[in-house]
Amino acid sequence: MGQWATRTRNWYEVSVINCHLCGKMLPGRVWRGQVGDQERDFCNPDCEEMYFGYWAPRYVGRNAPEIGDSGAGVHGTAQPNLLSSVSAPGASGGRETSGAG
Amino acid sequence: MSADQTSIDVVTLSIIHNHLVNICREMGVAMMRTAYSTMFNEGLDFSCVIFNRKGEMIAQAEFCPAQLGAIQFMVGWTIEELGIENFEPGDVVIHNDPYRGGCHMPEHMVLMPVYVADRLWGFVANIGHVSEIGGMAPGSFAATSTEVYQEGLRLPPVKIMRRGEYVKDIWRIILANHRTPDNTWGDFHAMIGSLKIAERRLLDLLNEYGADFVDQATKELMDHAERWMRAEIRQIPDGEYTFEDCMEDDGVTGNPTFVRVNIVVQGDGILADFSRSDPQARGCINATYGVTASATYNAILHIVDNEIPHNAGCYRPIRIIAPPGSCVNVLHPGPSVAGNTETHPRIVDAVLGALAQAIPDRVAAAEGGTSCNFLFGGVHPESSQYYVCYHFEAGGWGAASWRDGNNAVVVPNGNCRNTPVEIFETRFPYLTKSYALVPDSGGAGEFRGGLGIRRVLEVTAPQITLSALFERMKVKPWGLFGGGEGANSALLIRRKGMPDFRPFSDVFGTASAAKFVNVTLEQGDEVLLQSPGGGGFGRPQDRAVERLLRDLKEGFVSPEAAWTRYGMDLSSMDHDLQM
């Protein structure tokens with residue numbers, strides 16, 4: 001279970017961190033969770049939940065499945081209820097990126 | 001909205017909602033009437049919005065979808081980075097950093113806090129495409145850029161006004177790095193002026209109803225918008241729907257870059273997962289997170305009730321995954337200037353293409369998908385003043401199950417106007433030799449794709465420096481359910497004395513015919529710009545005869561195409577239609 005944390009920024013910093021799930025950039029307040037043995041930053045608990053419930057089972061440690069041709073049919077895979085709780089845009093949280101200016 | 005879900009009566013909520021939207025509209029009128037550049041006063045390439053104290057968007061008007069999604073992230077970032085305690089009455093903050101929520105570098109956001117009796121109530125903001133911000137090409141669309149530093153002056157959130165006074169050092173840095181500082185000066189003042197108008201109108205509203213009451217009303221309006229959006233999403237069958245589309249080249253490597261989306265609909269929520277998209281390109285066709293979010297919202301707003309209030313609430317049921325370092329979430333120092341104009345519509349089309357499998361009666365075929373960015377600058381022979389212009393073209397939109405595509409309308413992320421020929425020729429040294437719809441450019445279908453345009457310009461100045469950034473020169477806009485593809489775009493040059501129009505790559509040796517910077521045109525040269533058509537919907541042979549006859553009469557479809565594409569034999573028709 002993660003917790004809220006505040007990423008301190010010095011006034012001269014130009015680097016940006018991104019949510020480990022959704023990629024949204026996060027200026028300060030983050031939801032810090034644990035992925036394996038590493039701390040990872042998310043926007044909020046919803047992103048952490050979706051990371052483990054939706055994203056990791058699909059993309060971590062396996063080849064991405066074929067998406068098929070353009071206009072391919074419906075994939076009827078049953079999914080856990082992932083989208084019922086969402087946060088308004090602007091909630092912060094991230095995935096550190098390289099390249100400070 | 002139902003009365004039992006709100007504590008404020010629905011009539012009052014509607015009045016407050018419309019009042020806020022009208023404030024945004026009035027901001028736009030002020031911009032249009034006071035800005036210096038044609039981007040603002042003719043093209044209307046700006047958006048005006050109102051935010052609450054938490055940085056939630058509470059009102060917008062009918063401006064640019066490209067900006068209306070991203071501005072939420074730009075404002076949210078600005079408030080958090082600067083700290084809400086560091087705002088004061090009369091402050092104006094400016095910000096165009098693409099990695100901090102922006103769309104692309106030319107898009108500048110200005111933001112002003114609004115105080116009621118010394119208490120910060122909210123913010124008013126304006127985001128607009130500043131037509132020249134430095135960088136390697138006049139007009140700041142560096143089609144061959146490989147890093148952000150070639151695209152122009154990047155501003156993190158900084159104050160340009162502090163307690164109502166100019167922060168002169170910031171202004172001087174900005175004006176020294178833009179090629180047309182007079183335009184920048186005028187346009188920035190137009191943006192700031194629109195903020196001040198919004199402040200006055202907002203204070204009138206807050207004084208009339210009470211600041212706390214309006215606070216509560218906007219909260220209920222956001223919740224109402226969320227409930228309405230969720231109700232719309234519930235009508236989409238649950239499931240996963242995938243689609244891919246591509247940017248045909250990045251201006252540097254010549255390789256295509258694919259946008260791939262997995263749309264997950266579950267109950268009353270939607271997830272747009274772009275995880276399988278290509279890594280970020282070396283050239284400037286990368287989208288920022290702000291662009292990808294804007295495009296996703298844009299696509300979904302196309303298929304839901306258009307009466308839903310567009311505030312932060314309506315976006316709550318929509319989640320987006322855009323991996324950093326992919327072409328849909330560029331990381332520093334990757335360039336991104338084309339992402340806002342070219343990749344945004346591709347993302348829109350990918351989302352709609354995926355949803356076509358679920359709700360075919362609500363989506364459209366691919367639209368032209370490029371702004372045909374045409375940027376030029378030089379010294380005007382009549383005024384001896386340096387000028388720069390960012391010109392874009394309208395194209396055909398995709399057809400849907402109930403209508404043909406729009407002819408000659410700016411891309412769906414733009415909602416901008418074209419510049420009238422008279423204004424164009426007054427401001428810039430070109431003569432418009434021709435300007436017309438292109439027959440047969442719309443994809444054939446039961447419902448026809450919209451037509452693109454063709455414009456021929458003759459250079460009337462001794463020299464013009466030209467850059468361009470086009471898409472859809474190789475890959476055609478796709479049709480749906482048997483509909484045909486729209487026509488490609490084109491950009492050709494006929495040098496003075498030459499008999500034929502030829503690609504710029506042939507004449508100037510540019511690596512790409514569609515993306516290049518800083519070629520020099522001379523007096524008498526002619527340029528042909530052609531925008532793409534939209535894709536068709538449904539089988540052409542199912543097109544109603546009356547519609548096809550009207551197409552023939554209007555010149556939208558040629559008699560030859562009526563036969564070859566639609567199977568209509570004109571030999572027994574009226575003689576006039578057989579020409």
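Helices and strands here are DSSP runs, helices having at least four residues and strands at least two, numbered from the N terminus. With that in hand, chain A of this predicted model is easy to read: going from the N terminus, its elements run β-β-β-β-β-α-β. That adds up to 1 helix and 6 strands. As for how much of chain A is tucked away, buried residues account for 48% of its 101 residues.

Next come the helices of chain B, starting with a pair that sits one after the other. Helix α5 of chain B covers residues 181-209, and helix α6 of chain B covers residues 211-234. The two pack at an angle of about 105°, and their axes lie 6 Å apart. Angles from 65 to 115 degrees count as roughly perpendicular, so α5(B) is roughly perpendicular to α6(B). On the α5(B) side the meeting residues are L205(B), L206(B) and Y209(B), while α6(B) brings A211(B), F213(B) and V214(B). What sort of residues make up the contact of α5(B) with α6(B)? The split is simple: 6 are nonpolar, with no polar and no charged residues.

Helix α6(B) has another partner in α1 of chain B, which spans residues 10-34. Here the packing angle is about 95°, and the axes are 10 Å apart. These two helices are therefore roughly perpendicular to each other as well, α1(B) against α6(B). From α1(B), the residues taking part are T12(B), L13(B), I16(B), H17(B) and L20(B). They meet F213(B), V214(B), A217(B), T218(B), E220(B) and L221(B) in α6(B). This contact has a mixed make-up, with 7 nonpolar, 3 polar and 1 charged.

One residue of α1(B) deserves a look of its own. T12(B) sits in helix α1 of chain B and touches Y209(B) and F213(B), leaving aside residues up to four places away in sequence. Is T12(B) buried or exposed? Its relative accessible area is 15%, and buried means under 20%, so T12(B) is buried.

What about the nonpolar interior? The largest nonpolar core has 168 residues, and L21(A), L202(B) and I263(B) have the most contacts inside it. Taking L202(B) as an example, its contacts are L20(B), I23(B), I50(B), V114(B), W121(B) and V124(B), again not counting residues up to four places away in sequence. There is also a second, separate core of 25 residues, with C372(B), F428(B), Y430(B) and A468(B) among them.

Now for the cysteines. How many disulfides does a search of the whole structure find? The count over all chains is 0. A disulfide needs two cysteine sulfur atoms within 2.5 Å. For C47(A), the closest cysteine sulfur belongs to C19(A) and is 3.8 Å away, so that is too far for a bond. C47(A) is buried, at a relative accessible area of 4%. In chain B, the sulfur of C327(B) has its closest cysteine sulfur in C246(B), 10 Å off, which is also too far for a bond. C327(B) counts as buried too, with 1% relative accessibility.

Last up is a loop residue. P420(B) lies in the loop between β13 (386-391) and α10 (421-427) of chain B. Its relative accessibility is 30%, so P420(B) counts as partly exposed. Although P420(B) and T34(B) are 386 residues apart along the chain, their C-alpha atoms are separated by 18 Å.

Notes: Residues are numbered from 1 along each chain as its sequence is written. Chains are lettered from A and ligands numbered from 1 in the order in which they are written. This is a predicted model: local features need pLDDT of at least 70, side-chain atom pairs count only at pLDDT 80 or more; totals for chains, interfaces and linings use all residues. Side-chain values use heavy atoms; hydrogens and water are left out. Buried means under 20% relative accessible area, exposed over 50%, partly exposed in between (1.4 Å probe, protein chains only). A nonpolar core is a set of buried Ala, Val, Leu, Ile, Met, Phe, Trp, Tyr and Cys residues joined through side-chain atoms within 4.5 Å. Contact means heavy atoms within 4.5 Å. Axes are lines fitted to C-alpha atoms, for helices over the stretch in contact, and angles run from 0 to 180 degrees between N-to-C directions. Angles under 35 degrees count as roughly parallel, over 145 as roughly antiparallel, 65 to 115 as roughly perpendicular and the rest as oblique. Ala, Val, Leu, Ile, Met, Phe, Trp, Tyr, Cys and Pro count as nonpolar, Asp, Glu, Lys and Arg as charged, and the others, Gly among them, as polar.
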